[in-house]
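Work through the exercises below with the sequence and the structure open. Each task is followed by a solution in steps.

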Amino acid sequence: MVEETMCNCRIDIMLKKVKTGLTIFLVLLFWVINPLKTWADSESDKKINKTKSSFLRAEDTDAIRSFERFQVELYGGIIFLNPSDLNLFVSHDNRMQEFSYDSYFDYLVATDQIESWTKNQGEERKEIRRSYPIGGRLKYYLSETIALSLGFKYMSSAHTMDLDFQYFRNELSDERYNESIGYSPYSLTANAYIPTLGFHILKKMRNSLVLEGFVCGGPMFADCRYLSDWSYEWVTEGPDYRYIAYSSTGVLEEEGSGTGIALDLGGRLSYPIIKRFEIFLEASYAYQVVKSISGSGREERNGRSATWDGQWRIKSETVAAAWGELETEFPTSYWPDNSEEDRLRDFELDLSGFQLKLGLSFRF
Amino acid sequence: MLVWPVPHREIVKKYYTSTSLALPSTEKRIGIILAAPNIELCIPIVRGGQMKRLFSIVLCLLAFGLSNAGTLRCSENLTIQNEAGFIDIEPITFYFHHGSYFSRLDLQSSQAHIWYSFHAADKRSEDKPLFIFFNGGPGSATSSGLMSMYTGRYTLDNTIDSGGGDHYIPNHVPWTSMGNLLYIDARQAGFSYNQMMLVNDYNARFREFNSQNFNSFFDAADFIRVVLRFLGDHPQLQDNPVIIVGESYGGTRTLTMLHILLNYAEYGNGREMFQDPSLSQEIQAHYDIVFPQYRGQVVPSEVVAGQFGHQILIQPTCSFGYHQQVTEDMFNRPGSVIYQIGEEVGIPYDPDIYEDPYTFVSEVAGRDLYIYPKPRDWLGGFFQNAATRLRFTQNLSLVTGVDVTAIPELYASERSNAYRIFDTDYSFDLMPDDDVDPVTKYHFLVSARLEANSVRQEPGDMTAVFGTLQPWDRYFLSTNYHSNWAFHVLNVAKVRGYDVHYYENRFGRMFLQNIAYVETFITNAAYDLVVYTAALPQSLAKHEDILESVQHMKRSTDGEERPGKIILNYRPSAFPDIQGLDTRVIRFPLYSESCHAVSLTQPEDFFADVSSWLKDKGIDIE
């Protein structure tokens with residue numbers, strides 16, 4: 001019930017942010033489009049006057065004046081990114097596991113506490129390195145060479161994995177310990193919703209190709225999530241026995257959302273396929289950063305559970321055990337008593353990267 | 001005679017006083033308290049007529065006669081009386097970590113009923129210190145150990161060589177003359193028992209014998225909880241000095257208890273490897289009462305030592321990893337005690353031939369490791385005798401000074417969810433291969449000795465008095481090898497790399513840190529090879545990062561009859577938070593004819609040394 005209420009609250013907040021963003025966007029559009037249109041019309045008139053004076057006929061002038069001013073575009077693509085703070089979850093978990101198992105077992109072998117050890121593992125934890133944006137634009141041509149656009153982009157990056165790690169320890173006796181850690185699922189997700197306002201400059205090339213440069217920007221509404229649903233089991237095995245000596249399960253989940261800025265700068269090539277329809281290929285660099293993420297967390301361990309809310313920050317830790325030390329850092333929204341201790345910096349969701357898009361447009 | 005109505009259940013639950021006789025039941029009855037100079041008699045007025053009432057009175061009078069024998073020395077004490085029973089410990093959530101949430105091992109213990117026996121001081125109980133006694137193991141009972149070995153008012157006699165050692169006699173050197181005594185059986189040892197759901201499920205029971213119930217830190221936490229709850233129930237004693245007396249593994253328990261008590265905040269704020277926040281809070285609540293000037297604040301260690309500032313360690317495991325290294329080196333030197341034993345039995349000892357010195361002494365020379373001049377199992381036989389005797393309610397009532405039939409938790413009807421062991425018999429249903437020798441099959445879990453102990457038909461009259469227990473329950477276990485095994489082997493915290501085993505050097509460091517605040521007395525028993533205390537000074541010296549030097553003073557400097565001191569010289573940077581820590585002295589008297597259980601073999605000498613030492617330290621034991 002409490003979670004449902006919290007979820008509803010988050011949706012309300014998100015809707016409010018979208019509404020505010022759109023209002024600002026429309027005001028900006030109105031504020032920008034009017035002078036631009038006036039300027040583009042005057043340029044167009046100059047061109048007509050210039051051609052009138054030489055060789056252009058009256059019907060040509062009408063054709064220029066009556067070209068299709070609107071264009072609808074739909075696209076999908078790929079963006080190569082590295083949300084390094086978010087990916088800290090993965091690198092941290094990998095390093096912790098290596099420290100807690102691999103390094104520990106190496107130490108036990110080196111100090112003659114166990115005979116040997118081996119490891120089996122399936123899939124590895126994966127960082128988020130790409131995302132697949134989809135979206136659309138409504139363009140308004142101020143002239144054949146200048147256009148403005150209203151757009152919306154959605155991008156989602158998710159890795160949801162089932163992981164299984166098994167460690168086999170051969171003890172000094174003829175026993176073997178089998179420790180297995182499973183994750184079902186282990187998941188890392190980032191989503192972004194980006195309404196944009198764009199400015200486009202076009203140039204017609206030979207063979208009906210149109211070269212276009214653009215800059216688009218707007219607010220970015222983003223959320224991200226980390227989920228680790230794990231289980232641990234320790235089995236002791238001998239020549240003729242096998243016992244589950246200990247087992248435990250747990251869930252750790254962190255969810256967060258925030259608002260930032262998105263800006264696309266790039267170019268594209270369009271090619272007409274049939275009348276009014278074009279396909280296009282876009283290449284751009286997208287700056288997409290949210291500087292502040294906050295949300296809720298949940299932990300369940302061996303039947304007990306806890307929830308919390310807070311701002312995501314990067315925590316630094318020193319893990320110290322008999323076999324060494326590990327300096328590590330990871331994001332979390334769990335900051336009991338608002339402790340400053342171990343707080344490295346604020347978490348930043350950086351979905352920036354180089355992107356390629358392929359799309360279809362219709363002009364009317 | 002005072003007569004007033006008392007709900008029977010309240011009497012039983014509050015204190016199982018020395019002479020209260022009440023039948024355990026959920027019914028509320030009206031009892032009559034007979035108040036005499038030092039006793040209370042609760043006569044249940046049973047529904048059903050005069051005959052029953054008369055019978056009850058006769059029973060009570062009989063009980064009065066019986067238990068009065070054990071409380072004669074209490075005659076000057078009106079308020080504090082002998083008690084015995086159980087202190088409940090609810091399921092506790094705690095964890096280990098290496099400094100990170102992600103390296104955390106969360107655990108939750110089972111419900112425990114911890115057995116205690118309190119013997120009020122002979123006089124001025126409320127002014128006297130409280131001695132906390134426990135044996136080691138881990139998993140060994142205090143009831144058949146220190147409680148039966150020349151510390152309380154009654155003791156199993158030590159003349160086992162001349163045919164004695166099998167009955168309780170009055171102790172001529174009772175420690176009740178020095179103070180109040182509280183004996184505690186560790187979780188699942190002695191009379192203590194756990195409870196759980198699914199108690200009839202073998203695998204569920206099997207999994208209970210693991211870190212969540214058995215590790216050196218949580219074990220110490222159990223004892224702290226029992227002590228604090230006992231003190232909380234006895235306001236007259238609440239701020240009295242507490243002197244911890246631990247034997248053998250009890251040394252590790254003592255040092256861990258003291259480290260937690262002295263640094264309790266660190267065990268709840270994430271700084272220490274073991275984290276038990278509710279324990280930290282419980283300690284704070286106790287200190288709020290005892291040290292009101294620090295109410296709500298972290299009480300400094302030097303202040304805490306005002307109450308928990310003395311330890312008496314009998315053949316203890318203090319820094320046992322180093323201790324064993326040094327011991328082995330000493331044993332393997334030509335001319336060592338092991339070579340001497342070889343000469344005595346006519347089988348020369350050769351470290352290259354025999355697997356280890358202990359195997360040689362025990363298996364080849366046939367000597368008792370706990371007292372090497374004696375034949376093998378000499379001391380074990382003594383413990384076994386005590387265990388056998390304590391399974392008779394009459395003996396248990398005599399030794400505890402309490403009518404134990406008034407303790408509800410002992411009745412089978414009250415312990416349907418109780419368990420003591422996971423394996424009830426030699427059933428190998430879970431084993432796929434029937435051709436393999438059963439002992440081999442189980443060697444990883446249990447030894448033959450363990451099985452013999454766990455499944456033995458219990459002698460005594462407890463089944464007749466309290467009822468028949470479930471197959472996995474026991475009234476009394478002198479040593480619970482299932483829990484012992486959980487400390488050593490089946491321990492997920494140990495498997496996951498936490499320093500929970502008492503061989504870890506962490507415990508030696510904790511011990512040396514405690515010494516900064518805690519006055520310490522350690523026995524040096526000449527015949528004990530298991531905890532070979534001759535190796536103790538050198539083993540402490542192995543902590544080179546803490547100590548500059550360690551001296552073992554064997555000669556008397558203060559005219560002691562049994563001289564011996566260990567002088568610890570600390571490095572200036574040993575513990576940066578502790579100011580002025582340079583030299584500390586541990587009293588370390590030699591008991592030249594003693595076994596591991598010093599109070600058994602040299603009771604008078606041990607008593608005299610302890611009382612003299614406590615007087616020197618300003619403790620009121622007169």
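**Exercise 1: a cis bond in a strand**

Locate A:Pro185 among the secondary-structure elements and describe the peptide bond before it.

Step 1. A:Pro185 is found in strand E6 of chain A, residues 176-204. Helices (H or I, at least four residues) and strands (E, at least two) are DSSP runs, numbered from the N terminus.

Step 2. The bond that joins A:Ser184 and A:Pro185 is cis, with omega about 0 degrees.

Step 3. For background, most residues other than glycine have a negative phi, and most peptide bonds are trans.

Before going on, note the conventions. Residues are numbered from 1 along each chain as its sequence is written, while chains are lettered from A and ligands numbered from 1 in the order in which they are written. The model is predicted: local features need pLDDT of at least 70 and side-chain atom pairs count only at pLDDT 80 or more, while totals for chains, interfaces and linings use all residues.

**Exercise 2: backbone geometry in chain B loops**

Find the loops that hold B:Pro138, B:Arg124 and B:Asp377, and describe the backbone there.

Step 1. B:Pro138 lies in the loop between strand E8 (130-134) and strand E9 (154-156) of chain B. The peptide bond from B:Gly137 to B:Pro138 is cis, with omega near -5 degrees.

Step 2. B:Arg124 is in the loop between strand E7 (111-119) and E8 of chain B. Its phi is positive, about 45 degrees, although B:Arg124 is not a glycine. B:Arg124 has 13 C-beta neighbours inside 10 Å and so counts as partly exposed. The scale is this: a residue is buried if 20 or more other C-beta atoms lie within 10 Å of its own, exposed if 12 or fewer, and partly exposed in between, with C-beta atoms placed from the backbone.

Step 3. B:Asp377 sits in the loop between strand E17 (371-375) and helix H11 (378-390) of chain B. Its phi is near 70 degrees, again positive in a residue other than glycine. With 15 other C-beta atoms within 10 Å, B:Asp377 is partly exposed.

**Exercise 3: a sheet in chain A**

In which order do the three strands of the open sheet in chain A lie?

Step 1. The order is E13-E12-E14, with antiparallel pairing. Two strands pair if DSSP finds at least two bridges between them.

Step 2. Strand E13 (324-332) and strand E14 (343-346) of chain A are the edge strands, each pairing on one side only.

Step 3. Strand E12 (residues 313-321) of chain A pairs with E13(A) over nine bridges. One bridge puts A:Arg313 with A:Thr332 in E13(A).

Step 4. Helix H3 (residues 84-110) of chain A lies across E12 and E13 of chain A and runs at about 150 degrees to E13(A). Axes are lines fitted to C-alpha atoms, for helices over the stretch in contact, and angles run from 0 to 180 degrees between N-to-C directions.

**Exercise 4: the side of chain B that touches chain A**

How many residues of chain B are in contact with chain A, and which elements contribute?

Step 1. Contact links 22 residues of chain B with 22 residues of chain A; two residues are in contact if their C-beta atoms, placed from the backbone, lie within 7 Å.

Step 2. The elements of chain B that give two or more residues to this side are E6, helix H3 (202-208) and helix H17 (492-495).
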